[in-house]
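Subject: Structure for your review

Dear colleague,

Please find below the sequence and the structure that I am handing over to you. My findings follow directly after it.

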Amino acid sequence: VGYSLYLDLVENLRNGQTRHDFPLGDEEKRCRHAIELAKQGKQVALVCSGDAGIYAMAALVYELIDREPCRIAVEVHPGISAFQMASAKVGAMIGHDFCCISLSDLLTPWVTIERRIKAAAEGDFVISFYNPRSLKRTDQIVKAFDILRPHRNADTPVVLASNLGRPEEKVRIIRFDEFNPEDVDMLTLVMVGSSQSRAFKRGDGKTYAYTPRGYAKKMEAR
Ligand SMILES: C[S@@+](CC[C@H](N)C(=O)[O-])C[C@H]1O[C@@H](n2cnc3c(N)ncnc32)[C@H](O)[C@@H]1O
């Protein structure tokens, strides 16, 4: 059971199982369908992208079985979320404290999201923005950068990672002051460094980025 795009991505793993395709949106219908099939005694895989517990279906399944108790077994299998993959692709951006914020205000009021961005900016976290922009929702990432601007230097590394793990994958490291919202879409993860994050060029000509954990003090004391 899953969104058609995700089921297409794992089609090569299918081995006789019946596909239950759903369009984008209406996640409740998808989860209810999976639960119904499980209640009939079927073994069901509810397919998500990245980690099923991060802005995905696992929490909704638990919400439904909490509200409407039933006798089905549920197992959540952890995956690699977009922020982990983006960090690994460019080096080690999440080497120190980090957080994730979804900019989708479909289910969360914008004032709440704004409060979290401010707290993360002041707390100097590496911040990963999920759902940064859609066709109808274009303003939020611009507002997020406006909130962050007083708290980050112009050269703070920003990672723009699209279609991670897919043939169309594109990963770039830019400076905070180079950010252009037009470079971002709903398949992009935007990761903004903390005040300690650094980007540097290696001998292979490529730029890498990381957030140090604080070993420099130890190294310099020797
Ligand atoms: C509803 S969330 C799903 C997150 C997913 N469960 C995860 O753990 O990565 C959708 C958002 O996740 C990010 N995302 C998901 N898959 C991605 C990928 N392959 N590459 C880049 N970003 C991705 C994008 O920000 C997208 O707007």
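In strand β10, Ala-209 is the bridge partner of Ala-199. This pair belongs to the contact between β9 and β10 (residues 207-210), two antiparallel strands joined by four bridges. Please note that the model is a predicted one. The two strands are part of an open sheet of three strands with mixed pairing, in which the order is β3-β10-β9. The edges are taken by β3 (91-92) and β9 (198-201); each has a single partner strand, so one side of each is left without a neighbour in the sheet.

The chain as a whole

The protein chain contains seven helices and 10 strands. Its C-alpha atoms fill a box of roughly 65 × 40 × 35 Å along the principal axes. Of the 222 residues in the chain, 34% are buried. The chain exposes about 13,800 Å², and carbon and sulfur atoms supply 50% of that area. If one considers contacts between residues at least 6 apart in sequence, 64% of them join residues at least 24 apart.

As to charge, there are 31 positive and 29 negative side chains in the protein chain. The centres of these two sets lie 3 Å apart.

Strand β6 and its partners

Strand β6 (residues 157-162) deserves a separate paragraph. Six of its six residues are buried, so the strand is largely enclosed by the rest of the structure. In a regular strand, side chains alternate between the two faces of the sheet. In β6, Pro-157, Val-159 and Ala-161 point one way, while Val-158, Leu-160 and Ser-162 point the other way. The residues of both sets are buried.

β6 pairs with two strands that I would like to describe here. With β7 (residues 170-175) the pairing is antiparallel and extends over six bridges; within it, Ala-161 has Val-171 as its bridge partner. With β8 (residues 188-192) the strand also runs antiparallel, and five bridges join the two. There, Val-159 of β6 is matched with Met-191 of β8.

Met-191 appears again in the surroundings of Ser-87, a residue of helix α4 (residues 82-90). Leaving aside residues up to four places away in sequence, Ser-87 touches Ala-92, Met-93, Ile-94 and Met-191. Is Ser-87 buried or exposed? Its relative accessible area is 3%, so it counts as buried, the cut-off being under 20%.

Helix α3

Which residues of helix α3 (residues 57-67) are buried? They are Met-57, Ala-58, Val-61, Leu-64 and Ile-65. Viewed down the axis of α3, these buried residues fall within an arc of 130°, and they therefore line one face of the helix. That buried set packs against α2 (27-39). On the face turned away from the buried side, α3 carries the exposed residues Ala-59, Asp-66 and Arg-67.

Two backbone angles to inspect

Most residues other than glycine have a negative phi. Two residues in this model are listed here for their positive values.

- Tyr-55, which is not a glycine, has a positive phi near 45°. Tyr-55 sits in the loop between α2 and α3 and is partly exposed, with a relative accessible area of 44%.
- Asp-124 likewise is not a glycine, yet has a positive phi of about 60°. Asp-124 is found in the loop between α5 (110-122) and β5 (126-130), and its relative accessibility of 27% places it among the partly exposed residues.

A pair of positions in and beyond helix α5

Lys-118 is a residue of helix α5. At a relative accessibility of 43%, Lys-118 counts as partly exposed. How far from Ala-144 is the C-alpha atom of Lys-118? The two C-alpha atoms are separated by 8.6 Å, and the residues are 26 apart along the chain.

With kind regards

Notes
Residues numbered from 1 in each chain as written. Predicted model: local features only at pLDDT ≥ 70, side-chain atom pairs only at ≥ 80, totals over all residues. Heavy atoms only, no water. Buried < 20%, exposed > 50% of the residue type's maximum accessible area, 1.4 Å probe, protein only. Contact = heavy atoms within 4.5 Å. Areas by Shrake-Rupley, 256 points an atom, 1.4 Å probe, with all protein chains shown as cover. Lys, Arg positive; Asp, Glu negative; His and termini not counted. Charge placed at Lys NZ, Arg CZ, Asp CG, Glu CD. Arc of directions from axis to C-beta. Pairing = 2+ DSSP bridges.
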